[in-house]
Amino acid sequence: MSNEIYQKTITKWGQRAQLEMAQEETTELSLAIRKFIRNGNDKTFDDLSNEMADVEIMTEQIKFMYPEIEEKIQEHKKFKLERLSKRVDNDSFE
């Protein structure tokens, strides 16, 4: 079902508009994280989860627009998780 919605959305507004919306949503998520850090309460937690949902939807749309990106994402995630594991094990950020 979501793929149908993504296709309709992209057809209606275009890829560029959806990329710009993804950019906007990630900015809103950053602000929600900041507010949650400053004042972690039920409202800021709800706002955080709401913005995370928006970002997940936009990320899924980007993957829908560019199916080949999934392989690259997995490569980057593997590298970054291995690096993170080393940092945790070594108490280092290098």
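**Entry: terms and model.** I take a helix to be a DSSP run of H or I with at least four residues, numbered from the N terminus. By that reading I placed Ile69 in helix α4. I note at the outset that the model is a predicted one.

**Entry: the chain as a whole.** I looked up the secondary structure and found 4 helices and 0 strands in the protein chain. Read from the N terminus, the elements follow the order α-α-α-α. I then compared the radius of gyration, 17 Å, with the 12 Å that the globule rule gives for 94 residues; the value is well over the rule, so the chain is more spread out than a compact globule. The C-alpha trace spans about 50 × 35 × 20 Å along its principal axes. I also recorded that buried residues make up 16% of the 94 residues. Of the contacts with a separation of 6 or more, 57% are between residues 24 or more positions apart.

**Entry: α1 against α2.** How do the axes of α1 and α2 cross? I found that the axes of helix α1 (residues 2-13) and helix α2 (residues 15-38) come within 6 Å and cross at roughly 110°. Angles of 65 to 115 degrees count as roughly perpendicular, and α1 is therefore roughly perpendicular to α2. I listed the residues that meet: Thr9, Ile10 and Trp13 on the α1 side, and Gln15, Ala17 and Gln18 on the α2 side. By class, this contact has 3 nonpolar, 3 polar and no charged residues.

**Entry: α1 against α3.** I turned next to helix α3 (residues 42-65), whose axis comes within 10 Å of that of α1 and crosses it at roughly 80°. These two helices are therefore also roughly perpendicular to each other. From α1, the contact draws on Asn3, Tyr6, Gln7, Thr9 and Ile10. From α3, I noted Ile57, Glu60, Gln61, Phe64 and Met65. The contact of α1 with α3 divides into 5 nonpolar, 4 polar and 1 charged residues.

**Entry: Thr9 and Gln18.** Is Thr9 buried or exposed? Thr9, which sits in helix α1, has a relative accessible area of 14% and is therefore buried, the cut-off for that class being under 20%. Leaving out residues up to four places away in sequence, I found Thr9 touching Gly14, Gln18 and Gln61. Thr9 appears in the contact of α1 with α2 and in that of α1 with α3.

I followed the link to Gln18, a residue of helix α2. Gln18 has a relative accessible area of 7% and is buried. Which residues does Gln18 contact, neighbours within four places in sequence aside? I recorded Thr9, Ile10, Trp13, Met58, Gln61 and Met65. Gln61 thus touches both residues of this entry, being listed for Thr9 and for Gln18.

**Entry: α4 and its ends.** I checked the length of helix α4 (residues 69-90). At 1.5 Å a residue, its 22 residues should span 32 Å, and the end C-alpha atoms are 31 Å apart, which agrees. Ile69, in this helix, has a relative accessibility of 29% and so counts as partly exposed. With residues up to four places away in sequence set aside, Ile69 touches Ile62 and Lys63. What is the sign of phi at Asp91, just after α4? I found phi there to be positive, at about 50°.

How values were computed. Residues numbered from 1 in each chain as written. Predicted model: local features only at pLDDT ≥ 70, side-chain atom pairs only at ≥ 80, totals over all residues. Heavy atoms only, no water. Axes fitted to C-alpha atoms, helices over the stretch in contact; angles between N-to-C directions. Parallel < 35°, antiparallel > 145°, perpendicular 65-115°, else oblique. Contact = heavy atoms within 4.5 Å. Nonpolar A, V, L, I, M, F, W, Y, C, P; charged D, E, K, R; others polar. Expected span 1.5 Å × (residues − 1). Buried < 20%, exposed > 50% of the residue type's maximum accessible area, 1.4 Å probe, protein only. Rg over C-alpha atoms; globule rule 2.2 N^0.38 Å.
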